[in-house]
Amino acid sequence: MRLSVVVPHRDCSVLGRCLAALESGTRAPDELVVVDDGSTGAPEVGESSATLLTQPHRGPAAARNLGARASSGDVLVFVDADVEVSRTALACLEARLLAEPELTAVQGLYAADCPVPTVAARLSNLLQRRQILQVGDHPFAGLSSFCVAIRRSAFERTAGFDERLARPTVEDDNLGLELAALGYRIAVDPTVEVSHHATPTSAGLCRRMAAMAEDRVRTLDTWRRHRPPRGSRTHHRPALLAATALAGTALALGPLGLPIWPLVLLAQADRLTEAAQQYGVGFASRAAPLLMAMPAAAAVGVARGAFALTRGTP
């Protein structure tokens, strides 16, 4: 089995660590392609053997698709530039695909130990990890492209990552929906872990939540065309959807909505409890405002996406 690893990159300060981890593991890539998406400076690939491609800034979806077209492996492994794979990550991806020929894609997840010691980074890491873990042994109708392996034969039957989206939001999830709708099976493998080195701020997390919600609404046609098959699971949490609806109502009511805000937090009590268990009660108390602000941002994003659709903007 030949593994082609594609790493989209734009001004990421830890690209060198990402490439070093990929090349020093127990299973090295057969081919390593870095696609620079219009960085302001030259990418630092160090002593890596990676092939470097460049494009004007078009977003990570276009970068990944370019890397896939330029590579030759029968398995495409997409890894984000701000993650550091474990020594066994590629070996585990390969072993799973070899052992289960009916399996099309294998999804990894963030390691529980977040290397960035800020509330925003650790909360983001915890939420993303738990969202993917909740899929369990069910087929996954979605993707998170920070570390995922996809058989090329299946990838080439799709439109690839959704290039309508020039920012990192749901371009990967839309591809996962398409793969699942075509009858391909995607599995989450908890043995495939990566360390996430992103350093988001609280405001940045809220902006990302708003962008993801907006782009999900703007690309609802993908959801309608490729509805998750029966028995599969997405990584969308019902609790977050409920919190977003509550926050949107509270925002719409203004001062009259103040009694609703505690319900926004209550809807996510499970994540608040996990935050306390993993990082302590003090951390959870500092994370609580973010757990209310992020659904509020998502509600704003939904409104923006709906407005864009009414104006005919894809």
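**Pairing and burial in a predicted model**

Modeller: Let us begin with one pair of residues, for the bridge partner of Q107 in β7 is V148. Please keep in mind throughout that this is a predicted model.

Biologist: What makes β6 and β7 a pair of strands, and how do they run?

Modeller: Two strands count as paired when there are at least two bridges between them. Three bridges join β6 to β7, so the requirement of at least two is met, and the two strands run antiparallel.

Biologist: How do you know that β4 and β7 pair, and in which sense?

Modeller: The same kind of reasoning applies, because at least two bridges are needed and β4 and β7 have five bridges, in the antiparallel sense. One of the residues involved is V79, whose bridge partner in β7 is C147.

Biologist: Where does β7 stand in the order of the open sheet?

Modeller: Eight strands form that sheet, in the order β3-β2-β1-β4-β7-β6-β8-β5, so that β7 stands between β4 and β6, and the pairing in the sheet is mixed.

Biologist: Why are β3 and β5 called edge strands?

Modeller: β3, residues 51–55, and β5, residues 83–85, each pair on one side only, and that is why they are the edge strands. Neighbouring strands of this sheet are, moreover, turned by 30° against each other on average, with direction ignored. As for β5, it pairs with β8, residues 185–196, over three bridges in the antiparallel sense, and V83 has H196 as its bridge partner in β8.

Biologist: Which helices lie across strands?

Modeller: Helix α1, residues 15–24, lies across β1, β2, β4 and β5, and it runs at about 175° to β1. Helix α4 lies across β6 and β8, and runs at about 150° to β6.

Biologist: Why can one say that β7 is largely enclosed by the rest of the structure?

Modeller: Five of the five residues of β7 are buried, and so the strand is largely enclosed by the rest of the structure. Both of its faces are covered, since C147, A149 and R151 on one side are buried, as are V148 and I150 on the other.

Biologist: How do you know whether S144 is buried or exposed?

Modeller: A residue is called buried when its relative accessible area is under 20%. S144 has a relative accessibility of 4%, and therefore counts as buried. It is placed in the loop between α4 and β7, and, apart from residues up to four places away in sequence, it touches Q107, Q128, I132, D172 and H235.

Biologist: What is L251 called, given its relative accessibility?

Modeller: L251 lies in helix α9, residues 238–253. Its relative accessibility is 42%, and since this class lies between the limits of 20% and 50%, L251 counts as partly exposed. Leaving aside neighbours within four places in sequence, L251 is in contact with W261, A296 and V300.

Biologist: What makes helix α6 mostly covered?

Modeller: In α6, which spans residues 171–181, 10 of its 11 residues are buried. Among them are D172, which was named above, and also L175, L177 and L179. The elements that cover the buried residues of α6 include α2, β7, α5, β8, α7 and α8. The helix is followed by G183, which has a positive phi near 95°.

Biologist: How do you know that the buried residues of α11 are on the same side?

Modeller: The buried residues of α11, residues 269–279, are R271, E274 and A275. They cover an arc of only 105° around the axis, and this puts them on the same side of α11. Their cover includes α4 and α12. Just after this helix, G280 takes a positive phi of about 105°.

Biologist: Why is C92 not bonded to C147?

Modeller: A disulfide is a covalent bond between the sulfur atoms of two cysteines. To be counted here, the two sulfur atoms must lie within 2.5 Å. The sulfur of C92 is 10.0 Å from the closest cysteine sulfur, that of C147, which is too far for a bond. C206 is in no disulfide either, for the nearest cysteine sulfur, in C114, is 17 Å away. By this rule the count of disulfides is zero. C206 is, in addition, counted as buried, because its relative accessibility is 16%, and the limit is under 20%.

Technical notes: Residues are numbered from 1 along each chain as its sequence is written. This is a predicted model: local features need pLDDT of at least 70, side-chain atom pairs count only at pLDDT 80 or more; totals for chains, interfaces and linings use all residues. Side-chain values use heavy atoms; hydrogens and water are left out. Buried means under 20% relative accessible area, exposed over 50%, partly exposed in between (1.4 Å probe, protein chains only). Helices (H or I, at least four residues) and strands (E, at least two) are DSSP runs, numbered from the N terminus. The arc is that of the directions from the helix axis to the C-beta atoms. Contact means heavy atoms within 4.5 Å. Axes are lines fitted to C-alpha atoms, for helices over the stretch in contact, and angles run from 0 to 180 degrees between N-to-C directions.
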